[in-house]
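Biologist: Could you take me through one part of this protein at close range? I would like to follow a single sheet strand by strand, and then hear how the rest of the chain looks around it.

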Amino acid sequence: MKRDKSWWKCGGIAVIALIGLAPPVYSNYSSGSDFVAAVRPNGWLWAWGNNGSGRLGDGTTTSNRLPARIGMESDWVQVSAGSAHTAAVRADGSLWTWGHNGSGQLGDGTTAHRNSPAQIGTEMNWAAVSAGGSHTLALGRDGSLWAWGHNSSGQLGDGTTISRSFPTRIGADIDWVSVSAGYAHTVAIRRNGSLWVWGNNASGQLGDSTTTNRSLPMLIAMVGNWTQAAAGNSHTVAVRTDGSLWAWGHNGNGRLGDGTTSHRNLPTRIGTDSDWTFVSAGNAHTAAIRRDGSLWAWGHNGSGRLGDDTTTHRNAPVRVGADTNWISVSPGNNRTVGRRSDGTLWAWGHNWDGGLGDGTSTDRLSPVQVMIP
């Protein structure tokens, strides 16, 4: 979820060999506009990159080119990095946020920025959270859906365009299983595999054949069986149970991957392959993984964010390297972060703010490993 104009988001290998340490592994991570947050298997939380408004959560606004541990807690389970704020869930079900809060996206009832994690309410039943442009969505352990923050396009889904500075329940349903907050729109899946969308629709990113904004969740008019969906800046991507890949919305620089740069306001199948397992949308590029563990990317390639060792834009999926052990990927504004099956994190693209976590400010056109903290 990311945006070029306003927010949006080696040496480490040699060191590992010299001192005989295993590479650092991560269980959960998220690439924001210009920073990254990640959780290690031991429950420690780490962050690096741009620290404007305190989005890293280390108590300062000083940027880091290497992962820095956030606090001393060891029970973090999930984290999500947005445009300039971060949200995370701990093992006890508590919800925490920090960073930019101009639209109430932290959910603490204020618009004051926070440079360290602050608990939201006293509830201990949160299951997952997704940070978007200036809004946040979260799932309760009971399957309920909640939203807060900026709402000018209806991206919260509460039937209004009123911004909220505290969690607001979205409907009464208790069968939501996943949610993804984009720049100004949201996509979510319910237990029956149905896909729902709401918020900004200027480029057709809601996939309802119009460009009309929606302030309430709207069912995508296709049979269910959606397994995963992701909202980017102004496009949406999703995978179905048959392994087919779909995309719709803004198609500048070919971010939909259909071989064109034409916008689509209906879900459009990308190719004929049926072996896609995971997809994620960035600002103006997209990355996905196939069943064989190969990594593919397409769209805008400024600073090498596609990872194909070039800066050439691609309007169809191009393979990233020859590795077959990728399990997830998270595109940011102008960079990408991916995780391999051994738990190591790799990053590529723009690096002026240190968001690649390799200790430098040098752009990378192909994946480099995030260094040892």
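Modeller: Happy to! Let me begin with the charges of the whole chain: there are 29 positive and 25 negative ones, and their mean positions lie 2 Å apart. Please keep in mind that this is a predicted model. The protein chain has one helix and 28 strands. Its radius of gyration is 19 Å, close to the 21 Å that the globule rule gives for 373 residues, so the chain is as compact as a globular protein of that length. The C-alpha trace spans about 55 × 50 × 35 Å along its principal axes. Of the 373 residues, 58% count as buried. The chain exposes about 12900 Å², and carbon and sulfur atoms supply 51% of that area.

Now to the sheet you asked for. Four strands make up an open sheet in the order S17-S18-S19-S20, and their pairing is antiparallel. Strand S17 (226-231) and strand S20 (264-269) are the edge strands, each pairing on one side only. On average, neighbouring strands of this sheet are turned by 15° against each other, if direction is ignored.

Let us walk across the sheet, starting at the S17 edge. S17 and S18 run antiparallel and are joined by five bridges. Within this pair, Ala229 stands opposite Ala238 in S18. The two strands form a hairpin, with three residues between them.

Strand S18 (residues 235-240) deserves a pause. How many of its residues are buried? Six of the six are, so S18 is largely enclosed by the rest of the structure. The cut-off behind that word is a relative accessible area under 20%. You can check the cover face by face: His235, Val237 and Val239 lie on one side, while Thr236, Ala238 and Arg240 lie on the other, and all of them are buried. Notice that Ala238, the residue across from Ala229, belongs to the second of those groups, together with Arg240.

On its other side, S18 meets S19. Five bridges join these strands too, and they run antiparallel. Here the bridge partner of Thr236 is Trp248 in S19; Thr236 itself is among the buried residues of S18. S18 and S19 also form a hairpin, this one with four residues between the strands, and Gly243 takes a positive phi near 85° there.

The last step leads to the other edge. Strand S19 (residues 245-249) pairs with S20 in the antiparallel sense, over three bridges. In this pairing, Trp246 has Arg269 of S20 as its bridge partner.

Since Gly243 brought up positive phi, let me add a loop further along the chain, between strand S23 (295-299) and strand S24 (314-319), where Ser303 is found. Ser303 has a phi near 65°, a positive value in a residue other than glycine. Asp309 is found in the loop between S23 and S24 as well, and its phi, near 70°, is again positive in a residue other than glycine. Are these two residues buried or exposed? Ser303 counts as partly exposed, at 23% relative accessibility. Asp309 is exposed, with a relative accessible area of 53%. Set those two beside S18, whose six residues are buried, and you have a good pair of places to inspect in your viewer.

Key: Residues numbered from 1 in each chain as written. Predicted model: local features only at pLDDT ≥ 70, side-chain atom pairs only at ≥ 80, totals over all residues. Heavy atoms only, no water. Pairing = 2+ DSSP bridges. Axes fitted to C-alpha atoms, helices over the stretch in contact; angles between N-to-C directions. Buried < 20%, exposed > 50% of the residue type's maximum accessible area, 1.4 Å probe, protein only. Rg over C-alpha atoms; globule rule 2.2 N^0.38 Å. Areas by Shrake-Rupley, 256 points an atom, 1.4 Å probe, with all protein chains shown as cover. Lys, Arg positive; Asp, Glu negative; His and termini not counted. Charge placed at Lys NZ, Arg CZ, Asp CG, Glu CD.
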